[in-house]
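Student: Could you pick one part of this model and take me through it closely? I'd also like to hear how its surroundings are put together.

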Amino acid sequence: MITRQRLAAGAIALLAALTAGFGTAGPATADDAPAQPSPKVELVLDVSGSMRARDIDGKSRMAAAKQAFNEVLDATPDEVQLGIRTLGANYRGDNRKTGCKDTELLYPVAELDRAGRTDAKTAVATLAPTGWTPIGPTLLKAADDLKDDNTERSRRIVLISDGEDTCQPLDPCEVARKIAAEGIHLTVDTLGLVPDAKTRDQLSCIAEATGGTYTSVRHTDELSGRVKQLVDRAADPVATPVATKGAAQCSDAPQLKAGLYTDREKFGEHRWYRVDVEPGQELRASVSVAADRAVHQDYGVLLQASTERGREIVRGAEAGDGRTDVISTGLRYPTREEDSDDEGGSEPVAETVCLRVSNSFSAPASVKTAPGLPVELNIDVVDAPDEASDVASFGLGNGWWLLGTLVLTGFIAGLVWGWVSRWRFAVWRTN
């Protein structure tokens with residue numbers, strides 16, 4: 001009996017060792033690419049009098065913003081240089097000229113160590129809702145805060161506000177367009193705290209002018225989560241989208257290569273694009289459509305790939321319910337490697353794939369349909385998997401060996417456990 005116990009223990013130990021060995025990854029290879037300059041991010045916070053309103057999770061908008069800033073400061077990556085600027089935080093009077101100059105660099109743009117995070121939190125804790133809403137002048141100052149001689153650096157402004165600019169005629173949208181025209185890789189993302197239609201329109205316009213995003217926020221966790229996401233995104237390489245214009249049919253569609261593209265699409269419209277895919281390649285495409293204005297609930301986005309003759313190859317679709325500002329979907333289409341015995345044969349012929357982007361957005365009659373909704377289309381063409389006939393298998397990539405290992409391990413474990421259980425039952429009956 002002791003011998004059998006030792007055999008069972010040895011089998012289980014061997015199985016555990018095999019499983020651990022299969023799950024161990026090989027040594028990582030370091031990239032030889034040169035280090036990218038550290039990105040710069042400036043958080044711009046509206047501290048005007050309207051931030052006193054208590055309509056975010058039972059507390060004031062200012063309290064929700066402070067909580068979000070504390071969480072973001074704790075989570076900011078070490079390689080990101082971060083600063084904080086306020087608007088409307090100091091002047092309480094009625095003089096418009098003075099109120100429109102009320103913007104302050106609360107914490108300078110720099111890498112955050114432990115002491116820096118503490119100092120930034122302390123500075124934010126002292127803020128109290130005060131005065132005007134000079135968004136335009138503040139954006140100009142914030143852009144100056146982020147400028148330097150390094151043209152490759154990623155720069156991002158995250159503007160958090162609950163109201164329209166009160167310092168016209170300096171239009172914040174025109175300011176954003178001016179910033180974008182300077183070509184300093186500066187993106188402005190905007191977040192609206194419980195916004196009305198006018199605030200939403202203005203903040204959306206600012207974001208669109210610089211290739212940024214607009215998000216409507218009604219809860220504290222949404223605010224902190226979105227700001228964290230935007231700060232993390234700043235550490236990623238900047239890809240500048242290329243403007244394009246889809247056609248009403250595939251034959252007239254623009255020819256796209258791998259890259260990031262932007263377009264505009266009206267409510268319920270279909271737009272076509274074309275991509276050439278060589279034999280043995282795989283087309284990967286994704287599309288995002290932003291609801292940058294008030295829309296009806298329940299909508300969807302479709303990305304469809306078809307042949308030039310109209311036969312559908314593959315599609316991707318996603319639906320929303322009115323609580324999402326951006327909705328995305330994607331698809332993958334692999335092509336077989338052509339076999340040819342003729343050494344002097346002609347070059348392989350690329351297949352033209354027609355991509356159709358459709359949406360089912362609708363809006364109240366009072367909402368303008370022009371310009372259309374912002375569309376971002378991402379195209380990539382890579383080497384296809386070996387077995388192009390089984391599209392469903394491609395999602396696993398090189399993970400098939402791991403799946404097979406897990407299946408085999410489970411089978412062996414079942415046999416060993418069954419043998420041990422049967423042996424123990426036999427011993428119990430004997431005793």
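Tutor: Let's start with Cys167, which counts as buried because its relative accessibility is 5%; buried means under 20% relative accessible area, exposed over 50% and partly exposed in between, using a 1.4 Å probe and protein chains only. Before we go on, note that this is a predicted model, in which local features need pLDDT of at least 70, side-chain atom pairs count only at pLDDT 80 or more, and totals for chains, interfaces and linings use all residues. Residues are numbered from 1 along each chain as its sequence is written, and side-chain values use heavy atoms, with hydrogens and water left out.

Cys167 sits in the loop between strand 4 (155–161) and helix 6 (172–181). Helices (H or I, at least four residues) and strands (E, at least two) are DSSP runs, numbered from the N terminus. Setting aside neighbours within four places in sequence, the contacts of Cys167 are Arg96, Cys100, Thr133 and Pro134, where contact means heavy atoms within 4.5 Å. Ile135 is 32 residues from Cys167 in sequence, yet their C-alpha atoms are 7.6 Å apart in space.

Ile135 takes us to helix 5 (residues 135–146), whose 12 residues should span 16 Å at 1.5 Å a residue; the end C-alpha atoms are 17 Å apart, which agrees. The expected span is 1.5 Å times one less than the number of residues. Ile135 is among the buried residues of helix 5, which also include Gly136, Pro137, Thr138 and Leu139.

Helix 5 in turn helps to cover the buried residues of helix 7, as do strand 4, helix 6, strand 5 and strand 6. Helix 7 has 13 residues and reaches 18 Å from its first C-alpha to its last, close to the 18 Å expected. Its buried residues include Arg200, Leu203, Cys205 and Ile206. Helix 7 (residues 197–209) lies across strand 4, strand 5 and strand 6, and runs at about 165° to strand 5. Axes here are lines fitted to C-alpha atoms, for helices over the stretch in contact, and angles run from 0 to 180 degrees between N-to-C directions.

Strand 4, which leads into the loop of Cys167, belongs to an open sheet of six strands in the order 3-2-1-4-5-6, with mixed pairing. Two strands pair if DSSP finds at least two bridges between them. Strand 3 (103–111) and strand 6 are the edges, each pairing on one side only. From one strand to the next, the twist averages 15°. Within this sheet, strand 1 and strand 2 pair in the parallel sense over seven bridges, and Lys40 stands opposite Gln81 in strand 2. In a regular strand the side chains alternate between the two faces of the sheet.

Two further helices belong in this picture. Helix 2 lies across strand 1, strand 2, strand 4 and strand 5, running at about 165° to strand 1. The 15 residues of helix 8 (residues 220–234) should span 21 Å, and the end C-alpha atoms are 22 Å apart, which agrees. The buried residues of helix 8 are Thr220, Leu223, Ser224, Arg226, Val227, Leu230, Val231 and Ala234. They cover an arc of only 165° around the axis, which puts them on the same side of helix 8; the arc is that of the directions from the helix axis to the C-beta atoms. Their cover includes strand 1 (40–46), helix 2 (61–75), strand 2 (81–87), strand 4, strand 5 (186–193) and strand 6 (214–217).

For contrast with Cys167, try Ala248, in the loop between strand 7 and strand 8 (255–256). Ala248 counts as exposed because its relative accessibility is 71%. Its C-alpha is 6.1 Å from that of Trp272, which is 24 residues away along the chain.

Stepping back, the chain has nine helices and 16 strands, and 43% of its 431 residues count as buried. Among contacts between residues at least 6 apart in sequence, 76% join residues at least 24 apart. The link from Cys167 to Ile135, 32 residues apart, is a handy place to begin when you turn the model on your screen.
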